[in-house]
Amino acid sequence: QVQLVESGGGLVQPGGSLRLSCAASGFTFGNYPMRWYRQAPGKERELVASISSAGRNANYGDYVKGRFTISRDNAKNTVYLQMDKVHPEDTAVYYCNVRVLSDDFWGQGTQVIVSS
């Protein structure tokens, strides 16, 4: 079965950095685009970043572009989200996502809190 396991969240101060990881299994990782979403309290889940199957193309949400970087290592079945210059509004649970046969699969999420 498809499994996605996020890690790397925690408490970080505004302006700081954090790197999230998502370990994937149960599907041919290198054949699928991967995505990071986040959901803040009281808000809808939003797309943070996506990356093509081979890692050559990436897209970002408007509020994180220029600060976050998505990458992947297909040999390790892992996708990353490097978060730099974080803002308090980046506080959210961050989820890894893959769409397989039109079905969305999600990890359990990792909490990021940006606070001084």
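In this predicted model, Asp90 lies in the loop between strand 8 (78–83) and strand 9 (92–100). Asp90 has a relative accessible area of 0%, so it counts as buried. The cut-off for that label is under 20%. The side chain of Asp90 reaches back along the chain to the backbone nitrogen of His87, at 2.7 Å. Asp90 also touches residues further off in sequence. Leaving aside residues up to four places away, its contacts are Arg38, Val64, Arg67, Phe68, Val112 and Val114.

Strand 8, which precedes this loop, is itself largely enclosed by the rest of the structure, because five of its six residues are buried. Strand 8 has two antiparallel partners to describe here. With strand 3 (residues 18–25), strand 8 pairs over six bridges. In that pairing, Ser21 stands opposite Tyr80 of strand 8. With strand 7 (residues 68–73), strand 8 again pairs in the antiparallel sense, over six bridges. Here Asp73 has Thr78 of strand 8 as its bridge partner. Strands 7 and 8 form a hairpin, with four residues between them. Asn77 sits in the turn and has a positive phi of about 50 degrees. In general, side chains of a regular strand alternate between the two faces of the sheet.

A second set of pairings involves strands 4, 5 and 6. Strand 4 (residues 34–39) and strand 5 (residues 46–51) run antiparallel and are joined by five bridges. Arg35 stands opposite Ser50 in strand 5. The hairpin of strands 4 and 5 has six residues between the strands, and Gly42 takes a positive phi near 75 degrees. Strand 5 also pairs with strand 6 (residues 58–60), in the antiparallel sense and over three bridges. Ala49 faces Tyr60 of strand 6 across this pairing. This hairpin, too, has six residues between its strands. Within it, Gly55 takes a positive phi near 80 degrees.

Empty space was examined next. Rolling a probe the size of a water molecule over the atoms shows where such space is left. The largest pocket has a volume of about 200 Å³. It is lined by 13 residues, of which Arg38, Lys43, Glu46, Tyr63 and Glu89 are the closest to its centre. The lining is made up of seven charged, three polar and three nonpolar residues. Arg38 thus appears twice in this account: Arg38 touches Asp90, and Arg38 is among the residues closest to the pocket centre.

Notes. Residues are numbered from 1 along each chain as its sequence is written. This is a predicted model: local features need pLDDT of at least 70, side-chain atom pairs count only at pLDDT 80 or more; totals for chains, interfaces and linings use all residues. Side-chain values use heavy atoms; hydrogens and water are left out. Buried means under 20% relative accessible area, exposed over 50%, partly exposed in between (1.4 Å probe, protein chains only). A polar contact is a pair of N or O atoms within 3.5 Å; within protein, one must be able to donate a hydrogen and the other to accept it, and residues adjacent in sequence count only if both atoms are side-chain atoms. Contact means heavy atoms within 4.5 Å. Two strands pair if DSSP finds at least two bridges between them. On a 1 Å grid over the protein atoms alone, a cavity is a set of points where a 1.4 Å probe fits but cannot get out, and a pocket is an open set with protein on both sides within 12 Å along at least five of seven lines; lining residues have an atom within 4 Å of a point. Grid points are joined across faces, edges and corners, and a volume is the space filled by probe spheres set on the points. Ala, Val, Leu, Ile, Met, Phe, Trp, Tyr, Cys and Pro count as nonpolar, Asp, Glu, Lys and Arg as charged, and the others, Gly among them, as polar.
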